[in-house]
Amino acid sequence: TAQRLARLASPATLALATAGLWASAAAAQSVETIDATVQIQDDITLIKTRDMDFGRIIVPRNGRVDMSAEETPTCTPNNTLELLDTCQSASFLGTAGQGFNIRVRVPPRRRINLTGPGQDLRLRRMSVGAGDGLTFLRRVNRNFDFAVTDPGGQFEFHIGGRLLFRNNQAPGVYSGTFDVEVEYE
């Protein structure tokens with residue numbers, strides 16, 4: 001952000017110096033004024049509004065459930081896995097400056113483990129989807145870049161992923177946590 005502000009200040013400084021040179025060269029007695037503006041943005045704010053939940057699942061053998069990164073996600077099981085509940089993506093609300101870009105970073109390699117009574121479950125292919133106030137720009141590895149489009153700077157995003165199950169997975173509750181980092185410029 002400091003670099004961006006410095007670049008914004010440079011053209012005004014250059015224009016002032018140039019105007020002064022022209023006035024001296026022509027020996028004119030006029031004064032030119034130039035307006036310079038800068039926007040100082042508060043830190044980004046972010047709150048979690050909903051935890052990720054795959055719900056209850058019957059697992060007769062190995063397989064997976066894919067959850068989309070949307071407000072109302074789609075959860076698609078394979079290999080005779082059966083979903084008993086609706087799933088929900090993790091969701092976040094934030095505020096930054098309109099016109100700024102934000103980067104959402106999920107855990108390394110876009111994966112975590114969920115622990116429970118049996119072998120760990122693996123949550124992989126974590127993805128971040130744009131909600132209100134954001135436009136998706138690109139993904140590079142575990143970084144998801146967005147543009148803030150809301151005039152008030154408010155935005156939301158959602159996180160989904162792929163949950164993998166092994167043969168003979170022990171029944172019970174499995175859970176895990178992960179950090180989400182958000183940067184903006």
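**Entry 1: the disulfide**

I began with the S-S torsion of Cys 75 and Cys 87, which comes out at about 110 degrees, so this disulfide is right-handed. The model is a predicted one, and I kept that in mind for every value below. The sulfur atoms of Cys 75 and Cys 87 sit 1.8 Å apart. I looked for further bridges of this kind, but the structure holds one disulfide. What does the pair tie together? Cys 75 belongs to strand β4, while Cys 87 is in the loop between β5 and β6, so the link joins parts twelve residues apart in sequence. I also checked whether the two cysteines are buried or exposed. Both Cys 75 and Cys 87 turn out to be buried.

**Entry 2: along β4 and β5**

I stayed in β4, which spans residues 75–77, and picked Pro 77. Its relative accessible area is 31%, so Pro 77 counts as partly exposed. Leaving out residues up to four places away in sequence, I found Pro 77 touching Arg 64, Val 65 and Leu 83. For Arg 64 I also noted the C-alpha to C-alpha distance to Pro 77: 5.8 Å, with their positions 13 residues apart in sequence.

Next came Glu 82 in strand β5, residues 82–83. Glu 82 is partly exposed too, because its relative accessible area is 41%, and the partly exposed class runs from 20% to 50%. With neighbours within four places set aside, Glu 82 is in contact with Arg 56, Ile 57 and Ile 58. I looked up Val 59 as well: its C-alpha atom is 6.9 Å from that of Glu 82, and the two are 23 residues apart along the chain.

**Entry 3: the chain as a whole**

I stepped back to count elements and got one helix and 13 strands. From the N terminus on, the helix is followed by the strands. Of the chain's 185 residues, 32% count as buried. The exposed surface is about 11,500 Å², and carbon and sulfur atoms supply 49% of it. How much of the contact list is long-range, at 24 or more positions apart? Such pairs make up 70% of the contacts with a separation of 6 or more.

**Entry 4: a four-stranded sheet**

I then traced an open sheet of four strands, in the order β10-β11-β7-β13, with antiparallel pairing. Its edges are β10 (134–140) and β13 (181–184), each pairing on one side only. On average, neighbouring strands here are turned by 25 degrees against each other, direction ignored. I looked more carefully at β7 (residues 101–105) and β11 (residues 143–148), which pair in the antiparallel sense over five bridges. In that pairing, Asn 101 stands opposite Ala 147 in β11.

**Entry 5: the nonpolar core**

Last, I went through the largest nonpolar core, which has 32 residues. Which members touch the most others? They are Ile 102, Val 104, Val 128, Phe 157 and Ile 159. Strands that each supply at least two residues of this core include β7, β11 and β13 from the sheet above, along with β3 (63–67), β6 (90–95) and β9 (121–130). The most comes from β12, with five residues.

I listed the neighbours of Ile 159, again not counting residues up to four places away in sequence. Among them are Met 52, Met 67, Phe 92, Met 126, Val 128, Phe 178 and Val 180. Ser 89 and Ser 127 are also touched by Ile 159.

Key
Residues numbered from 1 in each chain as written. Predicted model: local features only at pLDDT ≥ 70, side-chain atom pairs only at ≥ 80, totals over all residues. Heavy atoms only, no water. Pairing = 2+ DSSP bridges. Axes fitted to C-alpha atoms, helices over the stretch in contact; angles between N-to-C directions. Core = buried A, V, L, I, M, F, W, Y, C linked by side-chain atoms within 4.5 Å. Buried < 20%, exposed > 50% of the residue type's maximum accessible area, 1.4 Å probe, protein only. Contact = heavy atoms within 4.5 Å. Areas by Shrake-Rupley, 256 points an atom, 1.4 Å probe, with all protein chains shown as cover. Disulfide = S-S within 2.5 Å.
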